[in-house]
Protein chains: 2
Amino acid sequence: MSVDFNTLAQQFTEFYYNQFDTDRTQLGNLYREQSMLTFETTQLQGAKDIVEKLVSLPFQKVGHRISTLDAQPASPNGDVLVMITGDLLIDDEQNPQRFSQVFHLMPEGSSYYVFNDIFRLNYSA
Amino acid sequence: MSVDFNTLAQQFTEFYYNQFDTDRTQLGNLYREQSMLTFETTQLQGAKDIVEKLVSLPFQKVGHRISTLDAQPASPNGDVLVMITGDLLIDDEQNPQRFSQVFHLMPEGSSYYVFNDIFRLNYSA
């Protein structure tokens, strides 16, 4: 059976942002030792360092709102590339910040983990 | 020798946008039959269809300006994931449009081709 990569990408992304926005201490389950994260100018490797970084971000409340989500198969092995653009609502700020994020998802048994993750805020020029 | 993926990503991206902005009919050399492009809501596969789409875009003059460029190794085989955010200046418009783009670059001999390409304009919410 071929993987429906669009459905997978949507389900994974919704799960990821829901987890991020409700309890980001649990995000470590979605990364492995070989996983890499670029978060703005910081580059990290490994689930432990990645989740420490995400937990340490200086806000209490956060909400991700997806504007666009596009997926493509990344190899014949079933890994999937996802690019998301959207808005980030932080604490009690009224104005959302635009962001772009890429996930490179790797199959593992019947599930997937985040192999590559690149996150950037989009500042106006 | 391990590939310096950051240098590769920068050189490739600068070459790509320079080629796009000066003569995008030549971009087909950077794609293969298995390459995929998502351009806004259109999904295409194969160098021929991809370059036809890029050439058909309804502007005469275009300029890409890179704001952020981040790269990560995408496998032990040397493929590289690149996420770019930046501004697009089209024809004689004064206001740039924000864009996000992902390239998944595959090694081929001593060079690289674009295996996956996802492009989106970032509209304000």
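**Figure 1. The span of chain A that carries a domain annotation.** In this predicted model, the C-alpha atoms at the two ends of residues 8-121 of chain A lie 24 Å apart, and the span is 23% helix and 52% strand. UniProt, in an unreviewed entry, lists these residues of chain A under "domain: NTF2".

**Figure 2. The open sheet of chain B.** Six strands of chain B make up an open sheet in the order β2-β1-β6-β5-β4-β3, and their pairing is mixed. At the edges stand β2 (42-45) and β3 (62-73) of chain B, and because each has a single partner strand, one side of each is left without a neighbour in the sheet. From one strand to the next, the twist averages 20°. Strand β1 of chain B, residues 31-39, pairs with β2(B) in the antiparallel sense over four bridges, and in this pair L37(B) stands opposite L44(B) of β2(B).

**Figure 3. The helices that accompany the sheet of chain B.** Helix α1 of chain B, which covers residues 5-23, packs on the sheet and touches β1, β3, β4 (80-90), β5 (97-108) and β6 (111-121) of chain B, while its direction makes about 160° with that of β3(B). Helix α2 of chain B, residues 47-56, lies across β1 and β2 of chain B and runs at about 40° to β1(B). In the loop between α2 and β3 of chain B is P58(B), which is exposed because its relative accessible area is 77%, over the 50% cut-off. Although P58(B) and I90(B) are 32 residues apart along the chain, their C-alpha atoms are separated by 9.6 Å.

**Figure 4. Strand β5 of chain B and its two antiparallel partners.** Nine of the twelve residues of β5(B) are buried, so this strand is largely enclosed by the rest of the structure. On one partner strand, β4(B), nine bridges make the antiparallel connection to β5(B), and I84(B) stands opposite Q101(B) of β5(B). The hairpin of β4(B) and β5(B) has six residues between the strands, and D91(B) takes a positive phi near 50° there. With the other partner, β6(B), strand β5(B) is joined by ten bridges, again in an antiparallel arrangement, and H104(B) stands opposite N116(B) of β6(B). The hairpin of β5(B) and β6(B) has two residues between the strands, and in this hairpin G109(B) takes a positive phi near 60°.

**Figure 5. The surroundings of T85(A).** This residue, T85(A), is found in strand β4 of chain A, which spans residues 80-90. T85(A) counts as buried because its relative accessibility is 0%, where the cut-off is under 20%. The side chains of T85(A) and T68(A) are joined by a polar contact of 2.6 Å. When neighbours within four places in sequence are left aside, T85(A) is in contact with residues of chain A, including I66(A), S67(A) and F99(A), and also with S100(B), R120(B) and N122(B).

**Figure 6. The relation between the two chains.** Chain B is superposed on chain A by a rotation of 180° with 0.0 Å of shift along its axis, at an RMSD of 0.0 Å. The two copies are therefore related as by a two-fold rotation axis. Of the residues of chain B, S100(B) comes closest to this rotation axis, with its C-alpha atom at 3.4 Å. The same surface serves both copies, since 97% of the contact residues of chain B recur in chain A.

Note on methods: Residues are numbered from 1 along each chain as its sequence is written. Chains are lettered from A and ligands numbered from 1 in the order in which they are written. This is a predicted model: local features need pLDDT of at least 70, side-chain atom pairs count only at pLDDT 80 or more; totals for chains, interfaces and linings use all residues. Side-chain values use heavy atoms; hydrogens and water are left out. Buried means under 20% relative accessible area, exposed over 50%, partly exposed in between (1.4 Å probe, protein chains only). A polar contact is a pair of N or O atoms within 3.5 Å; within protein, one must be able to donate a hydrogen and the other to accept it, and residues adjacent in sequence count only if both atoms are side-chain atoms. Contact means heavy atoms within 4.5 Å. Two strands pair if DSSP finds at least two bridges between them. Axes are lines fitted to C-alpha atoms, for helices over the stretch in contact, and angles run from 0 to 180 degrees between N-to-C directions. UniProt positions are given in the numbering used here, feature names are shortened, and annotations may be inferred rather than shown by experiment. Copies are superposed by least squares on the C-alpha atoms of residues with pLDDT of at least 70 in both.
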